[in-house]
Amino acid sequence: MKIPLSAPDVREEEIELVAKVLRTPHLSLGPKLPEFERAIAEYIGTENAIGVSSGTAGLHLCVRALDIGAGDEVIVPSFAFVAVANVLLYENAVPVLVDIEADTLNLDARRIEAAITPRTKAILVVHTFGCPAEMSAILDIARRRHLYVLEDACEAIGAEYQSRKVGGLGDAGVFGFYPNKQITTGEGGMVVTRNSRLATRVRALRNQGRASSEDWFQHSELGYNYRLSEINCALGIGQLSRIEATLAMRGEIAKKYNDRFQKNENLRLPVLALPDRKISWFVYVVRLSEKYSRVHRDWIMHELNRRGIGCGRYFAPIHLQPAYQNAVARTTDLRVTESQASRCLALPFFNRLQDQQIDEVCHNLCELIPLAAKSASATGS
Ligand SMILES: Cc1ncc(COP(=O)(O)O)c(C=O)c1O
């Protein structure tokens, strides 16, 4: 791709941090893991942070640690990455897929109560694309209905709701560090929680069910190897140390896109600012206007790719995934999800994206939109 959809931003000093670890005998379970965990805990403002091998692993461990199991229902948005529902199916729990708000693309708090049953145990809220969900309404429902709140903040490190960092607002939160994220460790994730008992449980489950006082061959419960290596942690420490500059840079890029697209009435642009919220930009997603359909969007994506411009359909709803056709999941009215998802288009978005690359993306997209209606039907796609 001439202009990729995403690209990691790893600096020389971070490569040196990783190289230093490789010269030590500690490639796993050494000093870098607690150092990275402390740095994240301090940044988010939670007492506890537990490094894990991926965001998915972190979500799975939270589900286990909260004792969410067979037949328990959990409210999740369908407009989300599939892992949020997969981690429930791993434990034979039931994802209850709820619709989103059209403006923020986040779980619609007004639709949660109608989806609650006596089996509901938790709300798994996603801060979609780095935009904080409506947490005061969600936390209020959870308090009244005695539900856990698990925050999927995999796309939202550094985002704030009412001046508090997301991830630290519910019972537990999870970050993801895949290379397209605001900060990366290659692969990796982090669970954060103010609840020390929960943290102890997640720590044990991460490490094959070993309690910290036990020896290597003593396993007090069924666990996993979801550890995060010293190599990953060294990179994470370096990336986290300059996160504020990274978030500012990404905010600037989103603004540049919005400025260039401002006059295009065929596009609905992401909001740059919302009251009480600080957005941490993960991806830049535009929506085609309502006269366009999925066919037009897919044709535009195909053409952008042909021209060397990366793009993605963030998100393809979970309930429409082939893997979910026979899954034990409950769907509610998902009209907004289906309508918005079919017209979403993620454009190239990464720290080092240059102004002339932004110009090129905008020029090509604006040229393709009016051609889409004709060409999409002509090709029968
Ligand atoms: C919202 C959301 N949840 C969970 C995940 C899973 O994270 P990972 O890929 O690190 O397992 C992702 C990653 O893309 C995500 O975007």
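**Exercise 1: the ligand's surroundings**

In this predicted model, find out which residues surround the ligand, then pick out polar contacts to its oxygen atoms.

*Solution.* Start with the neighbours: the ligand is surrounded by Ser-54, Gly-55, Thr-56, Leu-59, Phe-81, Val-126, Asp-152, Cys-154, Glu-155, Lys-181 and Gly-188. Next, look for N or O pairs within 3.5 Å. Gly-55 uses a backbone N or O atom, 2.8 Å from a ligand oxygen. Thr-56 brings in a polar side-chain atom at 2.5 Å from an oxygen of the ligand, and Glu-155 does so at 2.6 Å. Finally, check the cover: on its own the ligand would expose 380 Å², and the protein buries 91% of that.

**Exercise 2: two helices that cross**

Work out how α2 and α7 cross and what kinds of residues make the contact.

*Solution.* Take α2 (residues 32–44) and α7 (residues 230–241): their axes come within 8 Å and cross at roughly 35°. The crossing is left-handed. Now zoom in on the contact: α2 offers residues including Leu-33, Phe-36 and Ile-40, while α7 offers Cys-233, Ile-237 and Leu-240, among others. Sorted by class, the contact holds nine nonpolar, one polar and three charged residues.

**Exercise 3: backbone oddities**

Locate the cis peptide bond and the positive phi of Asp-67.

*Solution.* Keep the usual pattern in mind: most peptide bonds are trans, and most residues other than glycine have a negative phi. The cis bond joins Tyr-314 and Phe-315, with omega about -10°; Phe-315 sits in the loop between α9 and β13. Asp-67 isn't a glycine, yet its phi is about 55°. You'll find Asp-67 in the loop between α3 and β2.

Terms used:
Residues are numbered from 1 along each chain as its sequence is written. This is a predicted model: local features need pLDDT of at least 70, side-chain atom pairs count only at pLDDT 80 or more; totals for chains, interfaces and linings use all residues. Side-chain values use heavy atoms; hydrogens and water are left out. Axes are lines fitted to C-alpha atoms, for helices over the stretch in contact, and angles run from 0 to 180 degrees between N-to-C directions. Helices (H or I, at least four residues) and strands (E, at least two) are DSSP runs, numbered from the N terminus. A crossing is left-handed if the near helix is turned anticlockwise from the far one by less than a right angle, and right-handed if clockwise. Contact means heavy atoms within 4.5 Å. Ala, Val, Leu, Ile, Met, Phe, Trp, Tyr, Cys and Pro count as nonpolar, Asp, Glu, Lys and Arg as charged, and the others, Gly among them, as polar. A residue is near a molecule or strand if one of its heavy atoms lies within 4 Å of it. A polar contact is a pair of N or O atoms within 3.5 Å; within protein, one must be able to donate a hydrogen and the other to accept it, and residues adjacent in sequence count only if both atoms are side-chain atoms. Accessible areas come from the Shrake-Rupley method with a 1.4 Å probe; for residues, only the protein chains shown count as cover.
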